[in-house]
Amino acid sequence: MADKEAEERTVGAHAPQMASPIPSGEHTVWADVSSLLEAACGDLQDGELIHGENFNLFSAMSALEIMDPKMDSGMICKYYSVDEAIENGAAPIPLSFDGTVDVQCTIDIMDHLLSCEATWHKGHSLAQTVFSCIYLLRPDRTSSHALLHSYCSVIRATCKAVIAVVSDARTHEEEDLFIMAYGLPLSGDGDEKCLSMLNAVEETICRQLRACKSSLPKTAELFQSNFDLEEDYCRALLCRLRFRKHFYHVLTCMRRPQGRGLELARKHIASCLLELDLIRNSSTFLSNNSFGMNKDGLEDMTTASGRQPLGFDSSLNCRLSAPTPPRAIKLLSWKKAVDYFVKLLHDLDNICSYSLDPLLEGVFRFVVQFQKTQPDLVARSLLQFLLVQDGKLYGRDPLYAVITKAAGLPESAKNHENQKNQYIVQLGQLVINLLKVLCTNSAWQRRKLGKILQDWRVIYMQMEMAFKRDFSEILSISNGENAWMKIFQHILVWVEEQTYWISTRFLVLGFELELYSPSEYCMVYWYLSVVLIKLVEKIHLRALMSNETGKRKGKKKGASSKDIGKDFRIPPAVSFLQCQICLAEGLLMMLAALRNEHMIVQSPSPFNSEYERFFQHFELLQKACIPDNITFDSYEQSTRLARISNLVTYNCFKDAQKIAKEVKSSFSNDPEKLAELRRIELVAEHNSVALNLIHKVGALDPSLKISFEFNHHPYFGTALVKRS
């Protein structure tokens, strides 16, 4: 059957020709095969398909279904080329011979482009969003329309700037389609002067607005035919043009090296937010003075007026979108697009207000805090660009100097001659990679953190072996006073500390991404508590070493090491983590006791055992031996004997409350840490009350139902006790 139909296709050139928008080639002629397809459809049964002799399963997976709009890009094309669309009047210039309609249509195009741009930022194809605008695809056609031409020029320049920053940051791996331009005209003639053109048009509209307010306004030449509407239309145009200008300035200022443009960028961000408020406010006027709009679906419209814009066809570039079938794209509504840009600008303002902390601990903390606002790709790319430039922190601080400072070494250590040691160079690259990973989205970040853990563990082991090999002789001769040996010791402790910090971040992100089921909370809190204890040990050890180094310089002759460490106080960072350890241990033992006493519903998985789930969640940590000698058996042994009566006697939640209360004074100038301590106190208080309630009535009331919610803290659960 396939051979017969193949023969029919070869002789199809003799069939009556149909008019096709795509011209025939030298050796090809278009033929009507509708009757052939109809005949094939009549003979085929469900599940059958026509194929050649060399057709296989791989080909079947890659096959396209003809006439399916989701797979056949030709089915959803209204026009087959930009020229055809223009010839059919899809993008007229001028937009209308009526001045009022021309201005209305221009504003509609501006608003729709805003929706397209926001949708593109969310990860959709540039070809099917912003460049679905025919006016952008033919830059030369708009030259006679100064307003539209200047706006299209700055749109192209903005897209080019956004692509550049996302591409340089390499965060586009999250959304491969984001930076693909597919040969689209990102640079039109004169686009480098887009701001000059925009300023000229803005000045013209400003003069018109002033003329409307003058004593003899009716003598002025109007933009449109209705004088009573002139002022409001001028204001609607101005806020849109000014937003474009300031947003472009924000992107260029934030890309200046070493953060030199951040202060100026903040001023432009403030101007952008002001113009967005004016744009939002203009919607009432535009919707009240528009004709042919659908008032029922105004919330989903992509223009403030509620009308469909001129000059757009998303199907024109569907063949350029990717080497796969075109995506079905639903554009963000105009209101959601405005909301998106407001949030984006607030995120960018947060970046610009950052003080460029030279301490890595402060950098990591800022990035983690910034990620809690769930910033989108553009904001995260600009943050990464700020943090990592030319292999340096902020483009100015060498990584060796940053690492020595983070390790608690004195200022003189940053100029040590061994900063080019191969392990130190590799460690610097790991720090850069970590900064980049922390700037990615939560899912991508967790996956990458799990993988780079092994790199950190390997570099630690290599440095430890080198330390033992190279300095064993020095240790026996000079009693540890060698400068390079001291630097190496400090850095070793710091590397191990960062390894446990990464592990903590990896585990915590699992809660944010909802990767753990309630039946797995117990093992997760157990692993988290073990990792946090190790992290506290390393922070404490580093603080002791730094204290010893600082005191040794000024110690009197004959003073002992015991005298040096006598006045050492526990760092607030250690006490802060001890609060979290108490909370994690309290939740761990509470969950284990509830499970052991059958007071919480355990739904066994039909697909895997508890051991298999343990391995699946912690495989990457286990491979990196974080921590050493931690297995599923050790987890089982530590939770097997947990009972509610024992937990009431030794209440970890009360310990967490006590430590949080004591350590608050150390963070009086740190609102973020104070807020975290308040959240810890809330969780500890609620869980302590729940624990006492369960102890008193749990055994007597089988209808008691216990569940855990994250309403007070993102990853420390709060027990909820109810009667069924």
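# Notebook: helix 17, its neighbours and some empty space

Helix 17 gives the lining of the second largest pocket eight residues, the most from any element. I am working from a predicted model here, so I keep to what I could look up in it.

**Entry 1, the pocket.** I started with the volume of the second largest pocket, which comes out at about 1000 Å³. I then pulled the lining: 34 residues, with Val368, Lys372, Trp501, Gln580 and Tyr715 nearest the centre. Besides helix 17, the elements giving two or more residues to that lining are helix 12 (360–371), helix 18 (521–554), helix 20 (572–596) and helix 25 (671–697). What is the lining like by class? I get 16 nonpolar, seven polar and 11 charged residues.

**Entry 2, helix 12 against helix 17.** Both helices line the pocket, so I checked how they pack, citing the angle first: their axes cross at roughly 5° and come within 13 Å. At an angle under 35 degrees, the pair counts as roughly parallel, and helix 12 and helix 17 are therefore roughly parallel to each other. From helix 12 the contact takes Leu360, Phe364, Val368 and Gln371, and from helix 17 it takes Trp494, Gln498, Trp501 and Arg505. By class I noted five nonpolar, two polar and one charged. Val368 and Trp501 caught my eye, as both are in this contact and both are also among the residues nearest the pocket centre.

**Entry 3, helix 15 against helix 17.** Next I looked at helix 15 (residues 422–438) beside helix 17 (residues 483–512). Their axes come within 13 Å and cross at roughly 25°. Are they parallel or antiparallel? Helix 15 and helix 17 are roughly parallel. I also looked up the hand of the crossing, and it is left-handed. On the helix 15 side I listed Ile424, Leu427, Val431, Leu434 and Leu438; on the helix 17 side, Trp484, Ile491, Trp494, Val495, Trp501, Ile502 and Arg505. The split is 11 nonpolar, no polar and one charged. Trp494, Trp501 and Arg505 of helix 17 touch helix 15, and these three residues also turn up in the contact with helix 12.

**Entry 4, helix 7 against helix 13.** For another pair I took helix 7 (residues 146–169) and helix 13 (residues 377–387). They pack at an angle of about 60°, with axes 9 Å apart. That makes helix 7 and helix 13 oblique to each other. The crossing is left-handed. Helix 7 brings Val162, Val165, Val166 and Ala169, and these meet Leu377, Val378, Ser381, Leu382, Gln384 and Phe385 of helix 13. I logged eight nonpolar, two polar and no charged residues in this contact.

**Entry 5, cavities.** How many cavities of 30 Å³ or more does the structure hold? I found two. I opened the second largest cavity, which has about 40 Å³ of space. Its lining is Met110, Asp111, Leu114, Tyr151, Arg240, Phe243 and Ile279. Helix 5 (99–121) and helix 9 (227–254) are the elements that give two or more residues to it. Helix 5 gives the most, with three residues. The class split is five nonpolar, no polar and two charged.

**Entry 6, backbone oddities.** I finished with the backbone. Most residues other than glycine have a negative phi, and most peptide bonds are trans, so I went looking for exceptions. Which bonds are cis? One joins Ile93 and Pro94, with omega about -5°. Pro94 sits in the loop between helix 4 (82–87) and helix 5. Another cis peptide bond joins Ile626 and Pro627, and there omega is about -20°. I placed Pro627 in the loop between helix 21 (610–623) and helix 22 (632–639). For phi, I noted His598, a residue other than glycine with a positive value near 55°. His598 is in the loop between helix 20 and helix 21. Helix 20 takes me back to the pocket, since helix 20 is one of the elements giving two or more residues to that lining.

Technical notes
Residues numbered from 1 in each chain as written. Predicted model: local features only at pLDDT ≥ 70, side-chain atom pairs only at ≥ 80, totals over all residues. Heavy atoms only, no water. Axes fitted to C-alpha atoms, helices over the stretch in contact; angles between N-to-C directions. Parallel < 35°, antiparallel > 145°, perpendicular 65-115°, else oblique. Left-handed = near helix turned anticlockwise from the far one by under 90°. Contact = heavy atoms within 4.5 Å. Nonpolar A, V, L, I, M, F, W, Y, C, P; charged D, E, K, R; others polar. 1 Å grid on protein atoms, 1.4 Å probe; cavity = no way out; pocket = protein on both sides within 12 Å on 5 of 7 lines; lining within 4 Å. Points joined across faces, edges and corners; volume = space filled by probe spheres on them.
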